[in-house]
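Here are a few exercises to work through with the model open in your viewer. Try each task before you read its solution.

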Amino acid sequence: MKVLPHLLLAAGLTGLVTLTGCQSSQDSQNQAATPKAVLDTYADIAEAGYTDSVITAKSLKDKIQALLDEPSKQNLQAAREAWLASRVPYQQTEVYRFGNAIVDDWEGKVNAWPLDEGLIDYVDTASYGEEFAENPYYTANVIANPTLTVGNSKIDAREITPELLAETLHEIDAVEANVATGYHAIEFLLWGQDLHGTNPGAGERPATDFSLENCTGGNCDRRRDYLMAATDLLISDLEDMADNWAEDGEARRELAAKGTDGGLATILTGMGSLSYGELAGERTQLGLMLHDPEEEHDCFSDNTHNSHYYDALGIRNVYLGEYTRVDGSVVKGASLSDLVAAEDQALDEQLRKELDASVDAGMTLVSEAKEGNTFDVLIAAGNQSGNAIVQTFVDELKTQTGSIEKAIATLGLSNIELEGSDSLDNPGSVM
């Protein structure tokens, strides 16, 4: 698979949708869609998305191995681009959260954020600080310390393995910010801290941080071990979820056990909760309100624009019942759009237009990033034009959530509670 440069990721993969010439959702409404068929399509897209995530994670491992074999600036950049490419399919699977317990119980292993990076490696204490009362492991720096001692607790970290990361360090001391695994731990290791605030620029970790001969940052052997252990763990975790959505996998069985109404409720819960509370609220509005780059999702790499775009695209994928894979092929079938249109064609048309609008607003974030205006720059205090661009993205997500709620009512579904966010529902408490 060709790894695309991160500034072309969104434009390149959306282009694939056009090139496939796939049938539109409106055309497919001429065919009878049953709730069972819609659930099958939903599960097929999940299997494809998680399988693509495995494929791109393995490509990432290949690039990381090349970096470790020859720690050069070029190989570090190639590993970074592979990480960026790996985010493309994964972000489109986030719409499976909030309704599928098997995904929610697992998601923190691979995409937990924000993280206190001082747990993992050296940090700039002038900006990060040296301690945080709520987290005794705030600057534990496992890469520099083969033995960690906090209070009466002593941890043997002489050998950095996937098991150490997953079973001992991840969310240690019940602190969610102690993220030791997943995409963002790897991101931090590849980029280092972004010390530019709301000015242009991402993390600037040097390739020599992985060199055994010309080591910078100290403990390069252990940093190499951590990076590879985290990558191996990411692959195995993604493989587990891809298997769960395979034919007769546990996720498919759990979905089927809910019945058709329960299954449709699961789809709409994921769509609405990601659209409103998570993406519009916690990942976008909150950072905009606080003008705080620490609230951006991919904060080390400045890739938040792509993460937001692909989250929005994933919501639309599920509603339309189609997903474009990393190889350009399309998974497509009976859709939620078909069911809604059969009951209320005007609502379906409205929701599809609103989904297009949120995806377009996400693409605007991507276009701005190409000009150097990444998410952290756009949310800066005093950047009125940038703030307005981000606010438009939030507003489009909020608008489509209203139509998602109408779709829930139109399909006669009940007992659905969408995720909220104080940044949207009670902004005074945030400020």
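**Exercise 1: the cysteines**

Cys 215 is partly exposed, at a relative accessible area of 34%. This is a predicted model, so keep that in mind as you go.

Task: find which cysteine is joined to Cys 215 by a disulfide, and work out whether that partner is buried or exposed.

Solution.
- Start with the sulfurs: Cys 215 and Cys 220 are linked, with an S to S distance of 2.1 Å. That counts as a disulfide because the cut-off is 2.5 Å.
- Look down the S-S bond next: the link of Cys 215 and Cys 220 is right-handed, with 90 degrees about that bond.
- Now check the partner: Cys 220 has a relative accessible area of 2%. Buried means under 20%, so Cys 220 is buried.
- Go back to Cys 215: its 34% falls between 20% and 50%, which means partly exposed.
- Finally, count: the structure holds 1 disulfide. As for Cys 299, its relative accessibility is 16%, so this residue is buried.

**Exercise 2: the cavity**

Task: say how many cavities of 30 Å³ or more a search of the whole structure finds, and which helix gives the largest share of the lining of the largest cavity.

Solution.
- The search turns up 1 cavity of 30 Å³ or more.
- The space in the largest cavity comes to about 50 Å³.
- Its lining includes Val 38, Thr 41, Tyr 42 and Ile 45, along with Ile 267, Val 318 and Gly 321. Ala 334, Ser 335 and Leu 336 are also among the lining residues.
- Helix H3 (residues 35-69) supplies the largest share of that lining, with 4 residues.
- By character, the lining splits into 7 nonpolar and 3 polar residues, with no charged ones.

**Exercise 3: two polar residues**

Task: place Asn 100 and Ser 403 in the fold, then list what each one touches beyond four places in sequence.

Solution.
- Asn 100 sits in the loop between helix H4 (73-91) and helix H5 (101-111). Its relative accessibility is 4%, so Asn 100 is buried.
- The contacts of Asn 100 outside its sequence neighbours are Tyr 42, Trp 245, Leu 255, Lys 258 and Thr 266. You've met Tyr 42 already, in the lining of the largest cavity.
- Ser 403 belongs to helix H16 (residues 384-410). Its 1% relative accessibility makes Ser 403 buried.
- Ser 403 touches Leu 347, Gln 350, Leu 351 and Glu 354. With Gln 350 there's also a side-chain polar contact of 2.9 Å.

Note on methods: Residues numbered from 1 in each chain as written. Predicted model: local features only at pLDDT ≥ 70, side-chain atom pairs only at ≥ 80, totals over all residues. Heavy atoms only, no water. Buried < 20%, exposed > 50% of the residue type's maximum accessible area, 1.4 Å probe, protein only. 1 Å grid on protein atoms, 1.4 Å probe; cavity = no way out; pocket = protein on both sides within 12 Å on 5 of 7 lines; lining within 4 Å. Points joined across faces, edges and corners; volume = space filled by probe spheres on them. Helix = DSSP H or I, 4+ residues; strand = E, 2+ residues; numbered from the N terminus. Nonpolar A, V, L, I, M, F, W, Y, C, P; charged D, E, K, R; others polar. Contact = heavy atoms within 4.5 Å. Polar contact = N/O pair within 3.5 Å; in protein donor to acceptor, adjacent residues only side chain to side chain.
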